[in-house]
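Work through the exercises below with the sequence and the model at hand. Each task is followed by its solution.

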Amino acid sequence: MSNVIPKTEWVKSWSEDGIGWVQLNHENKLNPLSAGFILAIKEATTKFDHDDSVGCIVLIGSDKAFAAGADLKEMVSLNYATVSQNRYIENGWLDIPKIQTPIIAGVKGYALGGGCELAMMCDFIVASENAKFGQPEINIGAIPGAGGTQRLTRSIGKSKAMLAILTGDMLSAQEAEKSGLVAKVFNNANFDNSLKEIALKIANQSKPLAKLAKQAVNVAYETTLEEGVRSERALFYSTFALEDHVEGMQAFSEKRKPTWRNK
Ligand code: CO8
């Protein structure tokens with residue numbers, strides 16, 4: 001597993017109207033996540049994070065699955081020494097939450113195990129009505145390892161997270177929306193357009209302002225309320241240093257739409 005080569009052939013990426021699309025496109029439509037696959041996903045998303053023309057990244061899978069978890073055909077050959085020495089769930093995985101550009105997970109079908117964890121690393125999840133979420137690792141002799149016990153608990157609370165993780169049962173899209181794991185569910189026919197509409201709205205915001213807003217929300221995940229409010233205030237003050245702050249204020253008083261300069 002050392003010297004892992006990114007499996008770039010399993011990732012399709014393109015940009016359009018300020019949106020950077022990254023599609024998990026494994027020959028197995030369940031998108032099993034191997035070490036090389038996650039590195040390729042990291043490369044594609046990081047590239048868009050450094051692209052000034054992209055204001056929103058969207059991670060999508062196939063109609064059948066966002067991703068059905070770690071590649072069990074790869075995992076079966078691993079042992080304690082190889083996973084710990086080769087940093088199995090560090091290379092690539094730890095880079096996705098560091099992306100500064102807003103990033104949405106668009107989930108159709110299964111988001112299980114590492115697939116659910118990858119979706120939860122994005123800023124929010126939009127799901128189609130056929131989506132299914134879960135951390136079924138307990139059924140295959142493991143437990144979640146890429147943040148599932150932590151992010152799912154923070155997202156849906158201890159009781160529901162315990163139920164999902166200890167039974168391995170899946171949550172429907174509707175349950176996931178009701179419990180706060182998913183921001184919006186759209187029916188299958190409207191999903192692609194609705195996801196694009198949300199991404200477009202974000203991509204058309206001032207890019208530095210969107211990044212500051214994302215940073216401020218993420219602080220809520222990491223720290224106490226007092227510390228979070230202090231951090232938010234400092235970030236809020238920093239918006240006054242932006243040309244886009246002046247433009248936003250002027251546009252409001254002149255009753256027109258702002259023209260963002262992204263400065
Ligand atoms: N890895 C590798 N191959 C898989 C996986 C997987 N996770 N899931 C399915 N496949 C393969 C099947 O073996 C099958 O292959 P083949 O045709 O060669 O027999 C093919 O994909 C189709 O699968 P099914 O016939 O099972 O398809 P169904 O539509 O009947 O069922 C399910 C779909 C429900 C998704 C079912 O395949 C399933 O339960 N898969 C396993 C899901 C799972 O347990 N995921 C958790 C994996 S553990 C994990 O994610 C740990 C995370 C740690 C961090 C990540 C580190 C990389």
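**Exercise 1: nonpolar cores**

Task: identify the residues with the most contacts inside the largest nonpolar core.

Solution. The largest nonpolar core has 45 residues, and those with the most contacts inside it are I41, F66, V107, L118, I125, F133 and L181. Helix α1 (residues 35-49) gives the most to this core, with 6 residues. A second, separate core has 14 residues, among them W21, I60, F191 and I198. A nonpolar core is a set of buried Ala, Val, Leu, Ile, Met, Phe, Trp, Tyr and Cys residues joined through side-chain atoms within 4.5 Å. Buried means under 20% relative accessible area, exposed over 50%, partly exposed in between (1.4 Å probe, protein chains only). Helices (H or I, at least four residues) and strands (E, at least two) are DSSP runs, numbered from the N terminus.

This is a predicted model: local features need pLDDT of at least 70, side-chain atom pairs count only at pLDDT 80 or more, and totals for chains, interfaces and linings use all residues. Residues are numbered from 1 along each chain as its sequence is written, and side-chain values use heavy atoms, with hydrogens and water left out.

**Exercise 2: salt bridges in helix α10**

Task: find the salt-bridge partners of R230 in helix α10.

Solution. A salt bridge is a side-chain nitrogen of Lys or Arg within 4 Å of a carboxyl oxygen of Asp or Glu. E227 forms one with R230, at 2.7 Å between the closest N and O atoms. E226 also meets R230 in a salt bridge, at 3.7 Å from N to O. E226 and R230 lie 4 residues apart in α10 (residues 225-239), about one turn of the helix. E226 is exposed at 60% relative accessibility, while R230 is partly exposed at 39%.
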